[in-house]
Amino acid sequence: MIKVRVRLRPVVSKINLPTVLKTTIPPGDSMERLFIATQVGEIFYIGNSSVRTFLDIRSRIIKLGSSEPGVSGRGYDERGLLGMAFHPQFNYNGLFYLHYSVAGTQGPGALSEHFKPNPCDPGTLNLRWINRETQYDHIDTVEEWILLSNGQPQKRRTLLNLRRPFFNHNGVNTLNFSPETGKLVLTTGDGGAGYDPFNLSQDNMEIAGKIIEMDVDKNTFSDNPPVVTRFNELPVPIQETLTVIAKGVRNIPGIQFQRVYNQFIKFVGNVGQDLAESIFSFVHYKPMPVTQLIQASLRNTEPDQEGLINFGWRGWEGAFPTSTIRGCTQNPTLVEKTIAYYNEAVKTSVNRLQPLTSYFHKDPRPDKFGGTALTGVQAYMGNGIPDLTGGVVFTDLARDGESPAKGVLAYTRVRTDGKLSDFSVIETDYNFGSQSAYYVSLGTNLNQTRLFLGVYGSMKVTDFNKGSVFEIVL
């Protein structure tokens with residue numbers, strides 16, 4: 001892998017935690033503008049070198065970083081404004097889409113205690129999410145909005161209301177349009193708590209842990225759909241707008257598409273548990289209509305899943321069977337690794353997709369790094385940084401063991417032989433000084449020739465105005 005060195009050119013600073021960075025051409029405009037969504041609910045855009053507010057939905061967002069039951073009370077949170085996508089015809093129809101955690105929906109959580117599977121205790125391996133209407137953490141919503149001719153955005157309709165078991169693993173940059181199908185793609189995390197305690201990601205009926213296509217051009221005539229957790233709880237007109245691309249998802253920073261000749265490579269980063277972070281790529285898939293999944297479930301038969309992508313979680317963490325780590329009783333300096341979900345690892349071993357590349361939370365190799373959590377994956381098709389052209393750039397939240405914390409920028413490439421790709425750290429010139437610099441998001445422009453990096457000075461979303469956005473340049 002070629003060593004790449006880049007500069008970080010500041011675009012904006014002193015904003016709240018930036019979760020989504022993408023460009024579009026607004027109606028009545030001829031220029032592509034960079035839009036920035038923050039976790040607390042603001043959307044800004046850069047117009048004529050100034051930062052302008054596009055929309056502020058902070059009052060619609062759940063109280064973040066609170067110490068209510070089931071939430072870590074230290075200001076860290078994975079809820080909020082999670083996704084923003086502009087309709088491919090936004091310049092003409094003004095339609096855009098938001099995914100966020102709804103104000104006033106705080107629940108007690110699906111489990112009262114910290115979860116970790118114990119291979120010696122079958123009770124921890126076969127938990128079920130029961131009493132869902134009372135035992136949940138919050139509700140997420142996916143909405144369609146329109147930019148009116150007077151320049152004011154207005155909500156048009158609600159597409160989905162999802163009840164979530166825990167506060168974490170809701171995804172980030174969760175809404176993106178497929179250039180292949182023209183449909184809105186929603187990526188949902190497995191619901192959280194670590195180790196997917198209810199195995200939602202492998203269950204075909206569960207909305208959690210999936211990549212879902214939504215046909216937003218179909219009118220379901222349902223402005224306020226019911227709050228659900230499973231596909232079969234949705235009204236039929238909504239079921240008919242949905243197909244499933246993939247399952248076995250733990251937590252995802254969105255899906256990205258790279259055009260290569262007349263087809264698209266899809267890239268998906270799956271955030272790891274204790275061992276590794278993984279990036280997957282695929283070209284061919286066969287989206288599974290939700291109506292077919294429901295019919296198979298009613299008949300108690302397995303649907304034909306040929307072409308449905310499976311990332312393997314919770315049995316697999318990237319290329320490895322999911323393991324739990326515990327101290328060795330005889331020798332406290334050693335740690336023992338035990339396969340957490342042996343049966344699931346065997347069941348999904350053949351039909352799961354192998355990752356394009358994985359990197360580890362601990363890595364002794366001098367030219368690599370230990371990571372924390374994958375926060376962004378983007379294809380780069382520009383010529384401005386020639387050594388990255390055609391490559392896949394990714395970000396990790398923070399390098400293991402570094403203080404003050406600093407994020408990591410790296411890249412990989414798709415191999416034509418299908419084998420696991422290597423990756424290389426991208427060196428940056430920017431001096432963050434004694435401040436923490438968590439790399440929280442990665443974005444690109446419409447034709448993937450520019451890259452934007454979101455950085456935050458704290459792990460707490462409630463430490464306000466510590467955010468910056470940079471453009472990655474040579």
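Two strands pair if DSSP finds at least two bridges between them. That criterion underlies the sheets visited on this tour of a predicted model.

**Stop 1: the five-stranded sheet**

Select strands 6, 7, 8, 9 and 13. They form an open sheet of 5 strands in the order 6-7-8-9-13, and the pairing is mixed. At the edges are strand 6 (81–86) and strand 13 (227–228), each of which pairs on one side only.

Now narrow the selection to residues 95–101 and residues 138–147, which are strand 7 and strand 8. The two run antiparallel and are joined by 7 bridges. For one residue pair to display, take Ser101: its bridge partner in strand 8 is Asp140.

**Stop 2: the four-stranded sheet**

Next select strands 15, 16, 17 and 24. This is an open sheet of 4 strands, ordered 15-16-17-24, with antiparallel pairing. Its edge strands are strand 15 (255–260) and strand 24, each pairing on one side only. From one strand to the next, the twist averages 15 degrees.

Within this sheet, pick out strand 17 (residues 276–282) beside strand 24; 4 bridges link them in the antiparallel sense. Show Ser278 and then Ser358, its bridge partner in strand 24.

**Stop 3: Pro355**

Move to the loop between helix 4 (342–347) and strand 24 (357–360), where Pro355 lies. Is Pro355 buried or exposed? Pro355 counts as buried because its relative accessibility is 5%, and the cut-off for buried is under 20%.

Display what surrounds Pro355. Leaving aside neighbours within four places in sequence, Pro355 is in contact with Ser278, Ile279, Phe280, Gly318, Ala319 and Leu420. Ser278, already selected at the previous stop as the partner of Ser358, is thus also one of the residues in contact with Pro355. For a distance to draw, use the C-alpha atoms of Pro355 and Gly418: they are separated by 9.6 Å, with the residues 63 apart along the chain.

**Stop 4: Asp396**

Finish at strand 26 (residues 392–396), and select Asp396 in it. What is the nearest side chain of opposite charge to Asp396? That side chain is Arg399, 8.4 Å away. Asp396 is buried yet has no salt bridge.

Show the backbone of Thr372 as well: the side chain of Asp396 reaches its nitrogen at 2.7 Å. Thr372 also appears among the residues that Asp396 touches, not counting those up to four places away in sequence. Others to add to the view include Glu277, Tyr359, Phe369, Gly371, Ala373, Leu374, Thr375, Gly407, Val408 and Tyr439.

Methods. Residues numbered from 1 in each chain as written. Predicted model: local features only at pLDDT ≥ 70, side-chain atom pairs only at ≥ 80, totals over all residues. Heavy atoms only, no water. Buried < 20%, exposed > 50% of the residue type's maximum accessible area, 1.4 Å probe, protein only. Contact = heavy atoms within 4.5 Å. Axes fitted to C-alpha atoms, helices over the stretch in contact; angles between N-to-C directions. Lys, Arg positive; Asp, Glu negative; His and termini not counted. Salt bridge = Lys/Arg side-chain N within 4 Å of Asp/Glu carboxyl O. Polar contact = N/O pair within 3.5 Å; in protein donor to acceptor, adjacent residues only side chain to side chain.
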